[in-house]
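Colleague: I have a new model open and would like to learn how to read it. Could you take me through a few features, one at a time?

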Amino acid sequence: VACTDDPDDGGGGGDGAVAASTTGLTDDTIRIGFIGADFGQLSEIGLAPDLGDQTVTAQAFVDEINDAGGIAGRQVELRITLVDGTAGADASQAACLEMTQEFEAFAVIVAPAVSRDAARCTAVTNQTLTVAATGFDEALYDEARGLLFSAGSDTSMSTDRQYRGWAQLMHDQGVLDGRTIGVVTAEQTPEFVAAAEEALIPALEELGYEVAVDAVLPCPDATDVDCEQHEPAVQQMKDAGVDFVFMAAANVVGPTFVQAAENLQFTPQWAANGNQVTDTVSQFFDSVSAAWDGAIGTSTVFALPEDITNAAVECNEVVTARTDESYEPGSDAFGFTAVSCLLFRLVADGAAAVEGELDHASIVEAVEGLGTVGLNAGPDGSLSAGKHDAGDHLFLCDYRADARQCVERPGNPVRVD
């Protein structure tokens, strides 16, 4: 399904075709599935985020909702499954089938760090209302025909909108003037490849720039840091005179490409976006910090202490009051706990706003009508009939090798339409 050409349409939306499904509902109960990610030993050694005890925290939120009367007067029946965050599509598929076909959930919550495959399986293949934390490509929202929302998290902006905003911010900063531009993506993240091809590059062209080299690294294995295709791609950029590179190759692939560039004495101005700018992923660049120093970042991940919202604090207070878990404000576990909580609340708020009978069609319309919605950090987001991705703002930062992180620039974040 093609992406919309109108940026005001945001991350897709309903088209009036949502079925009035009542799967997962009785007069007294509502079944909600929760799919979380578990990174195991990778989180213990700092190479993946520690998301906290999601089984405990998700149950705490449901207990809070049920004690307050439930969702639309129905008690929530919760099914939780955690997938290996490094296991790939098969694990996501199994979790999806458990929730939609075995448990027959009315709605599925897809927590932070769970793959696109899970959301597509629940919303598109199995036509189940899906509320996710992460923004996806606009084609997926369109394909879901109204049954997919991204909210709760500052990362809930669609990749297409992020990439259009990325181009616009670099233009507004004047850093593209007189530059020869390259773009790097990797096959292992096809959603980023699609966003670069369908949003970033067209946006740059509309702004009057030409992309000299568009390199898609054929390294589908996330653990293959010695992929032999990095240096040929670097050489192609060097030969073309590229001196500004949009780095859209995720996680470990990015640092490996920068290392290949350093080996070939290729020293462009780097630009990073989204996950590449987070403190966790910035640590991946330690081995090439000198070459990465000065990279310009744009991100939706608001990580300063003052960015934490009251809603995030309140959600964590629920966990502290009901369990033995307590997370440090600003930590990954604190933020991801807040996001999961806000996703449960979005379902509850949508159901409460339904006029008439509760079903998929009525709750989708009600969630679209919520308008402004709170996130775990940063400015509020928004939802509408034409926009199912809540995130609305990007900020600028600069990677500093001495700080081992991308340091946010002063000033207000920029709204992205």
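Modeller: Happily! Let's begin with helix H13: 16 of its 21 residues are buried, so the helix is largely enclosed by the rest of the structure. Keep in mind that this is a predicted model.

Colleague: What distance should the 21 residues of helix H13 span?

Modeller: At 1.5 Å a residue, residues 332-352 should span 30 Å, and the end C-alpha atoms are indeed 30 Å apart, which agrees.

Colleague: How many aromatic pairs are there?

Modeller: The count comes to 13 aromatic pairs. One of them joins phenylalanine 61 and phenylalanine 344, with 6.3 Å centre to centre and 50° between the planes, a tilted arrangement. This pair links distant parts of the chain, since phenylalanine 61 is in helix H2 and phenylalanine 344 in helix H13, 283 residues apart.

Colleague: Is phenylalanine 344 buried or exposed?

Modeller: Buried means under 20% relative accessible area. Phenylalanine 344 has 1%, so it is buried, and phenylalanine 61, at 3%, counts as buried too.

Colleague: Which kind of pair do tyrosine 163 and tryptophan 166 form?

Modeller: Planes over 60 degrees apart count as edge-to-face. Here the planes are at 70° and the ring centres 5.3 Å apart, so tyrosine 163 and tryptophan 166 make an edge-to-face pair. An α-helix has 3.6 residues a turn, so residues three or four places apart point the same way. Tyrosine 163 and tryptophan 166 are 3 residues apart in helix H6, which means about one helical turn separates them. Both are buried.

Colleague: Now for charges. How many salt bridges does a search of the whole structure find?

Modeller: It finds 17 salt bridges. In one of them, the side chains of aspartate 389 and arginine 161 meet at 2.8 Å, N to O. Aspartate 389 lies in the loop between strands E12 and E13 and arginine 161 in helix H6, so the pair ties together parts 228 residues apart in sequence. Both residues are buried.

Colleague: Where does helix H13 come into this?

Modeller: Through arginine 345, which forms a salt bridge with glutamate 314, the closest N and O atoms being 3.9 Å apart. Arginine 345 is in helix H13 and glutamate 314 in helix H12, so the bridge ties together parts 31 residues apart in sequence.

Colleague: And what is the nearest side chain of opposite charge to aspartate 307?

Modeller: Arginine 409, 14 Å away; aspartate 307 is buried yet has no salt bridge. Beyond its neighbours within four places in sequence, aspartate 307 is in contact with residues including Asn376 and Glu408.

Conventions
Residues numbered from 1 in each chain as written. Predicted model: local features only at pLDDT ≥ 70, side-chain atom pairs only at ≥ 80, totals over all residues. Heavy atoms only, no water. Helix = DSSP H or I, 4+ residues; strand = E, 2+ residues; numbered from the N terminus. Expected span 1.5 Å × (residues − 1). Buried < 20%, exposed > 50% of the residue type's maximum accessible area, 1.4 Å probe, protein only. Phe/Tyr/Trp six-rings, centres within 6.5 Å; stacked < 30°, edge-to-face > 60°. Lys, Arg positive; Asp, Glu negative; His and termini not counted. Salt bridge = Lys/Arg side-chain N within 4 Å of Asp/Glu carboxyl O. Contact = heavy atoms within 4.5 Å.
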